[in-house]
Amino acid sequence: MKRIGILGGSFDPIHFGHLLMAQSAAEALKLDIVFFVPAFCSPFKTHPVPDAAKRLFMVKEAIKGNTLFKVYDGELRRGQVSYTIDTLKELKIKYPDSKFYLLMGADNLRSFHRWREPQGILKLTNLVVLNRPGFDKKYPKRWPFVKINMPAVDISSSDIRQRLKSRKSIWYLTPKAVIRYIKRYRLYGFVK
């Protein structure tokens, strides 16, 4: 039985916090694979995001070299608002003899009740919560989950986007390949 971690998100852009989260969970849970699942369109995002192909490319570049990490592009192929429950059902069909672990930061646990079919998600996967600075003190007791500690890294995609708009450096926040891609396509208001 394979042990599969699932880390979904807009990855707008992907950064070292995402990668560290996936690696920490893989080590703690002895995962065989961690799927990075870029959302086509998150039901909770209000700002426009770069097109799916650009975000997918950045994820692929960021995870290169780590044999545990793979990309699952099912949500991008569906081309509509992305719901975790649909992705889990799809993965369950593709990997019927696997055990799934849905990885999320502590900040996402607070809004889990707003996700589509949270009880259905819990039937298909084990919820795994990784600490995030400012969110790891009090966890909602409503949902069963496994807590994993990881090094405190206070990086967010929104901070990266803001830094780019303010013409500040994003070195050491995301892999070099992602920075090169952002510069090449002038994403997030990047200006030479």
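Helices here are DSSP runs of H or I with at least four residues, strands are runs of E with at least two, and both are numbered from the N terminus. I am working from a predicted model.

**Entry 1, the loop before H8.** I looked up Tyr172 and placed it in the loop between helix H7 (157-165) and H8. Its phi is positive, about 70°, although Tyr172 is not a glycine. I noted this since most residues other than glycine have a negative phi. Is Tyr172 buried or exposed? Tyr172 has a relative accessible area of 71%, and it counts as exposed because that value is over the 50% cut-off. On the other side of the helix, in the segment after H8, I found Arg186, another residue other than glycine with a positive phi, here near 50°.

**Entry 2, helix H2.** I then turned to H2, which runs over residues 52-63 and spans 17 Å from its first C-alpha to its last, close to the 16 Å expected for its 12 residues. At its N-terminal end I found a cap from Asp51, with a side-chain oxygen 3.1 Å from the backbone nitrogen of Ala53. Following the helix comes Gly65, with a positive phi near 95°.

How much of H2 is covered? I recorded nine of its 12 residues as buried, among them Leu56, Met58, Val59 and Ile63, but also the charged residues Lys54, Arg55 and Glu61. The buried residues pack against helix H1 (16-29), strand S2 (33-38), strand S3 (69-71), helix H3 (74-78) and helix H8 (176-185).

**Entry 3, H2 against H8.** I followed one of these partners further, and found the axes of H2 and H8 to lie 8 Å apart at an angle of about 155°. The two helices are therefore roughly antiparallel to each other, given that angles over 145 degrees count as such. From H2 the contact takes Lys54, Phe57, Met58, Glu61 and Ala62, and from H8 it takes Ala177, Val178, Tyr181, Ile182 and Tyr185. Sorted by class, this contact has eight nonpolar residues, two charged ones and no polar ones.

Phe57, which sits in H2, I checked separately: with 36% relative accessibility it is partly exposed, because that value falls between the cut-offs of 20% and 50%. Its C-alpha atom is 8.7 Å from that of Val178, although the two residues are 121 apart along the chain.

**Entry 4, H1 and the loop leading to it.** H1 has 14 residues, and I read its span from first to last C-alpha as 20 Å, close to the 20 Å expected. Its buried residues include Gly17, His18, Leu19, Met21 and Leu29. Just after H1, Lys30 takes a positive phi of about 55°. Pro13 lies in the loop between strand S1 (3-9) and H1, and the peptide bond leading to it from Asp12 is cis, with omega near 5°. I marked this bond since most peptide bonds are trans.

**Entry 5, Thr87.** Last, I looked at Thr87 in helix H4 (residues 84-94). Its relative accessible area is 2%, so Thr87 is buried by the cut-off of under 20%. Which side chain does the side chain of Thr87 meet in a polar contact? I found that of Glu75, at 2.5 Å. Leaving aside residues up to four places away in sequence, Thr87 touches Val37, Tyr72 and Arg78 as well as Glu75.

Note on methods
Residues are numbered from 1 along each chain as its sequence is written. This is a predicted model: local features need pLDDT of at least 70, side-chain atom pairs count only at pLDDT 80 or more; totals for chains, interfaces and linings use all residues. Side-chain values use heavy atoms; hydrogens and water are left out. The expected span of a helix is 1.5 Å times one less than its number of residues. Buried means under 20% relative accessible area, exposed over 50%, partly exposed in between (1.4 Å probe, protein chains only). Contact means heavy atoms within 4.5 Å. A polar contact is a pair of N or O atoms within 3.5 Å; within protein, one must be able to donate a hydrogen and the other to accept it, and residues adjacent in sequence count only if both atoms are side-chain atoms. Axes are lines fitted to C-alpha atoms, for helices over the stretch in contact, and angles run from 0 to 180 degrees between N-to-C directions. Angles under 35 degrees count as roughly parallel, over 145 as roughly antiparallel, 65 to 115 as roughly perpendicular and the rest as oblique.
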